[in-house]
Amino acid sequence: MDATAAPSGQPTRRAGRNLPAALLVGMTLGLSLIAILLWAPRVLVGVIAVAIAVATWEVAKRLREADVLVPRIPLLVGGQAIVWLAWPYGTTGVAGAFGATALACMAWRLFDHGLAATPRNFLRDTAITVFVVSWIPLLASFAVLLLSEPRGNLRVLTFMILVVCSDVGGYAAGVLFGRHPMVPAISPKKSWEGFGGSLVFCVIGGLLTVTLLLQANSWVGVVLGVGLVFVATCGDLIESQIKRELGIKDMGTLLPGHGGIMDRLDSMLPSAFVAWLVFTALL
């Protein structure tokens, strides 16, 4: 979330969204998640499951509007299996549920018009379906895997804080200093100055949170901060390109000032995986 240069070379000052509504919704969601993580961390598994179901429905709806027939029922059921099995069975549960979901979606799409009908666009639709399974429930499951580890609630809180740091740093630096577009063909509002702001905020946030919340070595915070800036930015760009190809602005309309649930998860999902990887390897 950052601004880039206007045609005259001056940075744009407009966010392109209802900023007061976005701030109110963002603060409400953030405080609610912090309260859950601190006082009822297991509830977060249910919150993640609901968010993933809504996000998957949003993406599937948009894809079907573009005549990409992703099989919604096995996609939704399989996504829930991936998330819920991560808690008791760890990576084994995630891998098993992911494989079963992918196969179920392939079979569903193969026969969804009956045994006598020839499938249309089977390869395209199943490939996109497996992409959606990987993009949403599979990446989300790493937040559940983080939660199940020692002091997992604080590990999840740490990576969430860093994603917010990346967003805030990128937005502030982009609005104030953004003059050099980063990837104008994908996201015209992203600037290199905004990326620099994200990097500074995220590294500082990583140093503070890893040191104060997790009582771990500060260099772990630096590694995590740098890694999350890159994947959070990449996650945002991936969704931007998908929306560009579909010809839409937002995946949904559920959250005023933000769009849909998926529009809030685009950076969180890959960040959950990288946070799990860094913490598992270095803590």
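## Helix 5 on its own

The expected span of a helix is 1.5 Å times one less than its number of residues. In this predicted model, local features need pLDDT of at least 70 and side-chain atom pairs count only at pLDDT 80 or more, while totals for chains, interfaces and linings use all residues. Residues are numbered from 1 along each chain as its sequence is written, and side-chain values use heavy atoms, leaving out hydrogens and water.

Helix 5 (helices being DSSP runs of H or I, at least four residues, numbered from the N terminus) has 26 residues and reaches 37 Å from its first C-alpha to its last, close to the expected 38 Å. Of its 26 residues, 19 are buried (under 20% relative accessible area, 1.4 Å probe, protein chains only), so helix 5 is largely enclosed by the rest of the structure.

## Helix 5 against helix 7

Let's see what helix 5 packs on. Helix 5 (residues 152–177) meets helix 7 (residues 218–246) at about 60°, with axes 10 Å apart. That makes the pair oblique, the class left over when angles under 35 degrees are roughly parallel, over 145 roughly antiparallel and 65 to 115 roughly perpendicular.

Residues in contact (heavy atoms within 4.5 Å) include Phe 159 and Leu 162 in helix 5 and Leu 228 in helix 7. The contact holds six nonpolar, three polar and no charged residues.

## Helix 2 against helix 4

Helix 2 (residues 43–65) and helix 4 (residues 122–147) pack at about 165°, their axes 10 Å apart, which makes them roughly antiparallel. Among the residues that meet are Ile 48 and Ile 52 in helix 2, and Trp 135 and Pro 137 in helix 4. By class, this contact has 16 nonpolar, one polar and no charged residues; Ala, Val, Leu, Ile, Met, Phe, Trp, Tyr, Cys and Pro count as nonpolar, Asp, Glu, Lys and Arg as charged, and the others as polar.

Key. Axes fitted to C-alpha atoms, helices over the stretch in contact; angles between N-to-C directions. Helix = DSSP H or I, 4+ residues; strand = E, 2+ residues; numbered from the N terminus. Buried < 20%, exposed > 50% of the residue type's maximum accessible area, 1.4 Å probe, protein only.
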